[in-house]
Amino acid sequence: MTTTTTTNVTDLYPTRGATEVATPRQDPVVWGSPDTPGPVSAGDLQALDRDGFLAIDQLIAPDEVAEYQRELERLTTDPAIRADERSIVEPQSKEIRSVFEVHKISEVFAKLVRDERVVGRARQILGSDVYVHQSRINVKPGFGASGFYWHSDFETWHAEDGLPHMRTISVSIALTENYDTNGGLMIMPGSHKTFLGCAGATPKDNYKKSLQMQDAGTPSDEALTKMASEYGIKLFTGKAGSATWFDCNCMHGSGDNITPFPRSNVFIVFNSVENTAVQPFAAPIRRPEFIGARDFTPVR
Ligand SMILES: O=C(O)CCC(=O)C(=O)O
Ligand SMILES: [Fe+2]
């Protein structure tokens with residue numbers, strides 16, 4: 001494997017070069033010791049290591065979910081939030097698509113991040129204190145919200161935000177029911193064990209376009225066909241309050257939502273404090289802090 005060096009940090013995962021290149025994963029999936037007690041069972045840690053994800057039927061109880069739903073409604077209807085640069089609108093309908101940094105915009109979501117059921121699992125999996133690299137609500141309103149094309153989050157976080165290692169985990173918590181029809185999350189189980197470096201240089205200010213529709217960092221049809229044939233595709237459904245934990249290098253995406261039923265989930269990305277961001281590995285400039293944090297204060 002060829003490696004290059006950015007600010008004295010070895011690039012373990014080359015990407016955005018002339019060609020697509022697969023690199024075996026160089027990092028553990030579960031960093032915590034299996035004997036360290038925590039909310040995740042040893043069996044679930046093993047499954048996470050194997051599959052790259054962990055689904056939880058009810059992370060948040062129904063009576064608690066109501067509070068988060070009210071806050072979601074408040075955020076997505078507040079004109080000040082809509083005008084904020086942290087809100088991304090759908091290219092067609094101009095409805096709110098995502099709101100970033102919800103844990104800073106909203107005390108209600110800040111509380112969710114600090115909740116031991118949430119941060120406790122992240123600490124246990126990553127084997128250290130953790131901070132929030134990114135948080136967002138993906139609203140996916142009904143009647144035509146667009147999906148998220150296949151990608152590995154880590155590919156972007158490494159290339160554009162400068163995360164050196166795969167020591168990052170996301171949780172997607174359903175705030176509305178995720179049916180098999182309204183654009184739920186899909187993951188290729190086992191895909192997290194290989195890093196797919198994508199072809200093509202990163203344009204300056206790539207993030208502005210990629211938040212509406214990803215282009216740089218997109219796998220080829222050939223690679224996706226091979227991976228989907230090998231790994232299959234799993235769709236995640238569940239009631240409001242259910243959650244999916246997934247490794248940063250899972251190949252994942254979701255379809256459009258043409259049903260009348262919104263699919264609104266909050267995503268929280270925890271990174272280890274021992275894996276803080278350096279300079280981007282494959283982009284001319286780093287993305288704004290509301291997308292890739294530079295404040296590494298641990299969640300307490
Ligand atoms: O909302 C979804 O279905 C997927 C979102 C996603 O992959 C992302 O925000 O990186
Ligand atoms: Fe993603």
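How many of the five residues of strand 8 are buried? I began my entries with this point, keeping in mind that the model is predicted, and I found that four of the five residues in strand 8, which spans 148-152, are buried, so that I noted the strand as mostly covered.

**Entry on the sheet.** I next looked up the partner of strand 8 and found that strand 14, residues 251-254, runs antiparallel to it, with three bridges joining the two. Within this pairing, I located Ser152 opposite Met251 of strand 14. Following the pairing further, I wrote down an open sheet of four strands in the order 8-14-10-12, with antiparallel pairing. Strand 8 and strand 12 (234-235) each have a single partner strand and stand at the edges, so each has one side without a neighbour in the sheet. I then checked what packs on this sheet, and recorded helix 7 (residues 153-161), which touches both strand 8 and strand 14, and whose direction makes about 70° with that of strand 8.

**Entry on the iron ion.** Which residues coordinate the iron ion (ligand 2)? I listed His151 through NE2, Asp153 through OD and His252 through NE2, at 2.1 Å. Reading these donor residues along the sequence, I noted the spacing H-x1-D-x98-H. The two histidines link distant parts of the chain, since His151 belongs to strand 8 and His252 to strand 14, and 101 residues separate them. I also looked up their accessibility, and both His151 and His252 are buried.

**Entry on ligand 1.** I then turned to the surroundings of ligand 1, where I found Arg136, Asn138, Phe148, His151, Asp153, Leu185, His252, Ser254, Arg263 and Phe267. Among these, His151, Asp153 and His252 are also donors to the iron ion (ligand 2). For the polar distances, I recorded 2.9 Å between an oxygen atom of ligand 1 and an N or O atom in the side chain of Asn138. A polar side-chain atom of His252 is likewise 2.9 Å from an oxygen atom of ligand 1, while for a polar side-chain atom of Asp153 I noted 3.1 Å to an oxygen atom of the ligand.

**Entry on Asp247.** Is Asp247 buried or exposed? I placed this residue in strand 13, residues 243-247, and its relative accessibility is 2%, which is why it counts as buried, the limit being under 20%. Its side chain makes a polar contact of 2.8 Å with the side chain of Arg25, and the side chain of Asp247 also reaches the backbone nitrogen of Asn249 at 2.8 Å. Setting aside residues up to four places away in sequence, I listed the residues that Asp247 touches as Arg25, Val29, Gly52, Thr168, Ile169 and His192.

**Entry on Glu274.** Where in the chain is Glu274 found? I located it in the segment after strand 15 (265-272), and because its relative accessibility is 56%, where exposed means over 50%, Glu274 counts as exposed. Apart from its neighbours within four places in sequence, Glu274 is in contact with Ser128 and Arg167, and a polar contact of 3.0 Å joins its side chain to that of Arg167. I also checked Glu274 against Thr76, and found the two 198 residues apart in sequence and 34 Å apart in space, taken from C-alpha to C-alpha.

Note on methods
Residues numbered from 1 in each chain as written. Chains lettered and ligands numbered in written order. Predicted model: local features only at pLDDT ≥ 70, side-chain atom pairs only at ≥ 80, totals over all residues. Heavy atoms only, no water. Buried < 20%, exposed > 50% of the residue type's maximum accessible area, 1.4 Å probe, protein only. Pairing = 2+ DSSP bridges. Contact = heavy atoms within 4.5 Å. Axes fitted to C-alpha atoms, helices over the stretch in contact; angles between N-to-C directions. Donors = N, O, S within 2.8 Å, 3.2 Å for Na, K, Ca; no water. Near = heavy atom within 4 Å. Polar contact = N/O pair within 3.5 Å; in protein donor to acceptor, adjacent residues only side chain to side chain.
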